[in-house]
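Load the model, switch to a cartoon view, and keep a selection box at hand. Each stop below gives a selection and then what to look for.

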Amino acid sequence: MSEAGRVPSPAAPPEVAAAAPDERKGKEAEREKLPPIVSAGAGAAAGLDRGSKGQISTFSSFISTVNQKKEAAENRSSPTHLAFPNIKNVRDLPPICLDVRQKQRVSIDALPSEMKAPVLSESVLPNQSKTMKDFQEDMEKVKSSGDWKAVHDFYLTTFDSFPELNAAFKKDATASFNTIEDSGINAKFVNAVYDALLNTPQDIQKTVLKGIINSLLREWKGPRTKDDLRAYFILLQNPQFSNTSTYVIYAHLLRQIAALVEADHHFLVHWLKKLSQKRFKQLVERLLQFISLRLFPAKPEEFPPITKCSWWIPSASKVLALLNTANSLVHPPLIPYTDFYNSTLDHIDLMEEYHTWQSFGNSHRFSFCQYPFVISIAAKKIIIQRDSEQQMISIARQSLVDKVSRRQRPDMNMLFLNMKVRRTHLLTRKRADLKKKLKVTFVGEAGLDMGGLTKEWFLLLIRQIFHPDYGMFTYHKDSHCHWFSSFKCDNYSEFRLVGILMGLAVYNSITLDIRFPPCCYKKLLSPPIIPNDQNIPVGICSVTTDDLCQIMPELAHGLSELLSYEGNVEEDFYSTFQVFQEEFGIIKSYNLKPGGDKIPVTNQNRKEYVQLYVDFLLNKSIYKQFAAFYYGFHSVCASDALMLLRPEEVEILVCGSPELDMHALQRSTQYDGYAKTDLTIRYFWDVVLGFPLDLQKKLLHFTTGSDRVPVGGMADLNFKISKNETSTNWLPVAHTCFNQLCLPPYKSKKDLKQKLIIGISNSEGFGLE
């Protein structure tokens, strides 16, 4: 996501690459991400208990029942020697957790021939006479006759083995279907069979599970055939695995899929991305539930001891990684990256996970940080905050030791990054101790910084830096965002200071009212850690017209029109590989490639022209400005934790989330001079909850200095409404540094609404008093 021209490996998430090198520094990572976790109670009950004959028994009793049945070899319902794994002595999986910290990613689509799975000759498939129409007719007959025999025989035969699965669901049993674009599976038939399965009697559901066990227990030697991959793909979609009583079987299925070679994963990823949004989301939710209930089982006796099945969660995480990669290959994604978040992980020792990842990297030691797409932004914020606190403590301790070693008297102020500024001179050149806790003092003003003065300093400084007269950033009205000025100058240190400022905000958990496009945060993570080699370019990432559209929508639209133009581009547009920019009133030209002013843009080379144009605008023309900004930010936020973040998550950490929940704000609001039952307060919330979104954002901006919400939600705002003992003719007043609204005791809802709208709609700047 942050590397130019690279495609994530489907064998691992974009942040878990194809071949992890040993070195840790300078390593880059991409991030891609899950739906709400089904609760333990609902999740465990939502599976097989929907069968008409009651709930399926536990796996152990099921195994016991099957082992007692010794049928003839020709009986397809059970092999003569049915062996079940010794769950107590199961061997650990080979390492499947690749390090998120890696330098390069290999495009699976460009794998050399020796790395691609050989096309093995498929075995002859059994004859399968049932079609989807036949199956549906059998299900209809059951409604009138109550006779399940035909349906039972179908499930018994189909799930008996991998060849039978292929015989039933393959579009053409004689075709090989060895491409990533077509799995060769009749998806509608698979969906119909699985949708009906949960409503069949218990014995049919047990028969299906028994067949799956038989298939998974067979010895597999050598590479898998594409028919084997199709069988895994079909079995993975089985809705029975939502029930905890099937988790032992599910775990072994996941283990075998996780252990497949990378080229096989490549096929599975491309097949998975063809699933419908509904089916895809179900797979993700099922895997998340599996991980959650293994971590915190509602009934621990249902599962083997966690020490005996340590491979369960790594296997499930690996398969989730395949789904995450598949999701990232679809534009737009099948599901939002946030649907991959597992909120259960918010309740484990995240710092232990983080330190394990830091210490062991891509060794055999598993950590959820190897799969950061499952860690929520709230959990990542906790990791970053605690990592920052540990760095702050370390720096402060070193300052104390240095002071004592020189036999000087320690001073508490040395433990903080103390900034003494004037309102007319908000910037300072102080570079040392950036990783200490920030404390701000305004010269000539009384006040102890308990967080409010620091926030006010940031608000004032942001307003000054992004002022048009300052010339560092250009505001684009169409996109309502700022972008780096491409004007050349002799000193880019001011951009470094802006980067430091943004880093300090993240480091000190301050939400800034900044409007950078998403592309900025993608560049900021390119790479996520400063490379050791200073000659390696930073802040360069792969960009498209979609990125340009977020900044200059009209220009992006024009370039898109050029790409789709059906006439003669050379004669009608008369353009060359050259761009023109105005700098201080002077028009300057730049060649997009050597000799570009002499190369006409034609129908044949217009794609190259557009790509070079976009790359010039977003990368090359502002390289020095952005590089200084990049180094400033990373001089403060030099943490491995940044490698866990997606660009969108960095934006949320810096600016907050745009999602507003005013009901949550109402629940968490504190009152001073008012009670929540007072008439004025009731009027206030009636008015605010009835506001359209734009007015709600204006209210938030008026009272907090930003119309976005911190990562922790509305509760983290510590919003307070205070009684302002003044005339009801006055407008409301806000103290943005404390997220406080001072509200006169208006006597009517109409008066309150009128005064509030006037106040929030006509406040200047950040609404500072």
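How many bridges join strand β8 to β10, and do the two run parallel or antiparallel? Select residues 720-723 for β8 and 740-743 for β10: 4 bridges join them, and the strands run parallel. The model is a predicted one.

**Stop 1: strand β10 and its two partners**

Keep β10 selected and show side chains. Gln740 and Cys742 point one way from the strand, while Leu741 and Leu743 point the other way. All four residues are buried.

Now add residues 733-735, which form strand β9. β9 pairs with β10 in the antiparallel sense, over 3 bridges. Centre on Leu741 and look to each partner strand. Ile721 has Leu741 as its bridge partner in β10, and Ala734 also has Leu741 as its bridge partner there.

Next, select the turn of the hairpin made by β9 and β10, where 4 residues lie between the strands. Asn739 takes a positive phi in this hairpin, near 55 degrees.

**Stop 2: salt bridges**

A search of the whole structure gives 21 salt bridges. Three of them are visited here, followed by a network.

Select Glu181 and Lys274. They form a salt bridge whose closest N and O atoms are 3.4 Å apart. The two residues are 93 apart in the chain: Glu181 is in the loop between α5 and α6, and Lys274 is in the loop between α10 and α11. Glu181 has a relative accessible area of 48% and is partly exposed. Lys274, at 46% relative accessibility, is partly exposed as well.

Move to Arg279 and Asp195. Their salt bridge has its closest N and O atoms 2.9 Å apart. This pair also links distant parts of the chain, with Arg279 in helix α11 and Asp195 in helix α6, 84 residues apart. Are the two partners buried or partly exposed? Arg279 counts as buried because its relative accessibility is 15%, under the 20% cut-off. Asp195 is partly exposed, at 42% relative accessibility.

Then select Arg708 and Glu651, whose side chains meet in a salt bridge at 3.8 Å, N to O. Arg708 sits in the loop between α26 and β8, and Glu651 belongs to helix α23, 57 residues apart. Both residues of this pair are buried.

For the network, select Lys170, Asp227 and Arg230, which are joined by salt bridges that share partners.

**Stop 3: helix α22**

Select residues 623-636, helix α22. Place a distance label between the end C-alpha atoms: the model gives 20 Å. At 1.5 Å a residue, the 14 residues should span 20 Å, so the two values agree.

How many of the residues of α22 are buried? The count is 11 of 14, so the helix is largely enclosed by the rest of the structure. Among the buried residues are Phe626, Phe629, Tyr630, Tyr631 and Phe633, along with Gln625 and His634. To see what covers the buried residues, add β4 (481-484), α16 (493-507) and α17 (518-524), which are included in the cover.

**Stop 4: aromatic rings**

The structure holds 44 aromatic pairs. Select Tyr247 and Phe303 to see one. Their ring centres are 5.7 Å apart and their planes lie at 10 degrees, so the pair is stacked. Tyr247 is in helix α9 and Phe303 in the loop between α11 and α12, 56 residues apart. Tyr247 and Phe303 are both buried.

For a pair with another geometry, select Tyr354 and Trp357. Here the ring centres are 5.9 Å apart and the planes are at 45 degrees, so the pair is tilted. Both residues lie in helix α13, 3 residues apart, which is about one turn of the helix. Both are also buried.

Then select the cluster linked by ring pairs: Phe466, Phe473, Trp483, Phe484, Tyr492, Phe495, Phe516, Phe626 and Phe629. Phe626 and Phe629 are among the buried residues of α22 from the previous stop.

**Stop 5: charges over rings**

Select Lys226 and Phe267. Lys226 lies over the face of Phe267, at 4.5 Å from the ring centre. Finish with Lys593 and Phe577: the charged end of Lys593 sits over the ring of Phe577, 5.1 Å from its centre.

Methods:
Residues are numbered from 1 along each chain as its sequence is written. This is a predicted model: local features need pLDDT of at least 70, side-chain atom pairs count only at pLDDT 80 or more; totals for chains, interfaces and linings use all residues. Side-chain values use heavy atoms; hydrogens and water are left out. Buried means under 20% relative accessible area, exposed over 50%, partly exposed in between (1.4 Å probe, protein chains only). Two strands pair if DSSP finds at least two bridges between them. A salt bridge is a side-chain nitrogen of Lys or Arg within 4 Å of a carboxyl oxygen of Asp or Glu. The expected span of a helix is 1.5 Å times one less than its number of residues. Contact means heavy atoms within 4.5 Å. Rings of Phe, Tyr and Trp (its six-membered ring) pair if their centres lie within 6.5 Å; planes under 30 degrees apart count as stacked, over 60 as edge-to-face and the rest as tilted. A charge sits over a ring if NZ of Lys or CZ of Arg is within 6 Å of the ring centre and within 35 degrees of the ring normal.
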